[in-house]
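Visitor: Could you take me on a close look at the sheet in this structure, and at what lies around it? I am in my first year, so please go one step at a time.

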Amino acid sequence: MSFYDKYILPRVINCACATKPVMRQREKVVPRASGTVLEIGIGTGLNLPFYDSARVERVIGLDPSETSWELAGERAAHLDFPVDFIGLPAGEIPLEDASVDTVLVTFALCTIPDPVAALRGMARVLRPGGSLVFCEHGKAPDPGVQSWQNRVNPLWRVLFGGCNLNRDIPAVLEEGGFRVGSLEQSYLPGTPRFAGYNFWGMARRA
Ligand SMILES: C[S@@+](CC[C@H](N)C(=O)[O-])C[C@H]1O[C@@H](n2cnc3c(N)ncnc32)[C@H](O)[C@@H]1O
């Protein structure tokens with residue numbers, strides 16, 4: 001892993017993912033998590049302040065970037081529920097089958113190299129009746145925006161740690177073994193349209 005990817009990129013992402021419109025998205029989805037929560041691609045822990053401590057028993061954060069987790073710092077301290085970190089990629093979730101109540105994933109399905117395989121692993125550890133709570137950016141509905149997304153994507157991937165602008169998130173969720181129950185989608189205000197088309201909602205194991 002290059003010096004940029006290991007030390008600079010987590011700091012860049014920590015800032016880019018903390019803009020007001022993105023934080024508003026977190027506010028909408030994270031409080032839906034309950035019980036034992038597995039957060040995939042927890043990064044620098046930007047979601048932690050938005051969990052509803054009356055509903056959450058424990059959060060297990062998984063991310064291959066330990067540098068990102070070190071940046072969580074104060075965000076991971078003084079919470080009313082325990083938070084454990086696992087420094088592994090989503091393809092290697094070391095948890096028992098049907099052992100978590102909620103899987104939360106925000107702005108990570110864009111980056112995980114094989115999101116379908118990762119989702120199948122999330123479905124495996126989710127208990128029957130448990131929920132996948134998600135908020136992701138991806139392929140916009142407008143052909144003009146899509147064309148920019150496809151053009152910019154090769155450079156974007158290099159600059160932002162493998163992040164893709166143009167993944168069809170609902171299709172990826174379904175292919176990964178989930179049935180999407182509630183889905184909202186919109187461009188985020190104050191965000192370039194090619195990077196700001198968001199999908200958020202909840203899904204269950206198909
Ligand atoms: C754009 S950041 C988002 C971080 C966090 N989810 C958030 O909402 O702020 C993408 C995250 O996905 C993580 N990631 C990359 N590859 C991954 C993988 N194979 N499995 C799990 N997480 C991965 C990165 O380390 C990074 O923390």
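Guide: Let's start with the sheet itself, in this predicted model. It is an open sheet of 7 strands with mixed pairing, and going across you meet the strands in the order β3-β2-β1-β4-β5-β7-β6. At the edges sit β3, residues 83-86, and β6, residues 178-187, each of which pairs on one side only. As you step from one strand to the next, the twist averages 15°.

Now look at how some neighbours are joined. Strand β1, residues 35-40, runs parallel to strand β4, residues 100-106, and 4 bridges join the two. To find your place there, pick out Leu-38, which stands opposite Val-103 in β4.

Two helices pack on this sheet, so to speak as its companions. Helix α2, residues 20-29, touches β4, β5 (126-137) and β7 (197-205). The direction of α2 makes about 20° with that of β7. Helix α4, residues 115-125, touches β1, β4, β5, β6 and β7. Its direction makes about 145° with that of β5.

Back in the sheet, follow β7 and its two partners. With β5, strand β7 pairs in the antiparallel sense over 6 bridges. Here Val-133 has Met-202 in β7 as its bridge partner. With β6, strand β7 also pairs in the antiparallel sense, over 9 bridges. On that side, Glu-184 has Trp-200 of β7 as its bridge partner.

Next, find helix α5, which covers residues 143-159 and so is a helix of 17 residues. From its first C-alpha to its last, α5 reaches 24 Å, close to the 24 Å expected at 1.5 Å a residue. Trace its path and you will come to a bend of about 50° at Asn-153, with a proline, Pro-154, following within four residues. Just after α5 comes Gly-161, which takes a positive phi of about 60°. While you have a helix in view, here is a handy general point: an α-helix has 3.6 residues a turn, so residues three or four places apart point the same way.

Finally, turn to the ligand. There are 21 residues around it, and those that come nearest are Gly-41, Gly-43, Ser-65, Pro-89 and Ala-90. Sorted by type, the shell around the ligand divides into 13 nonpolar residues, 7 polar and 1 charged.

Conventions
Residues numbered from 1 in each chain as written. Predicted model: local features only at pLDDT ≥ 70, side-chain atom pairs only at ≥ 80, totals over all residues. Pairing = 2+ DSSP bridges. Axes fitted to C-alpha atoms, helices over the stretch in contact; angles between N-to-C directions. Contact = placed C-beta atoms within 7 Å. Expected span 1.5 Å × (residues − 1). Bend = angle between axes of the 7 residues up to and from the residue. Near = placed C-beta within 6 Å. Nonpolar A, V, L, I, M, F, W, Y, C, P; charged D, E, K, R; others polar.
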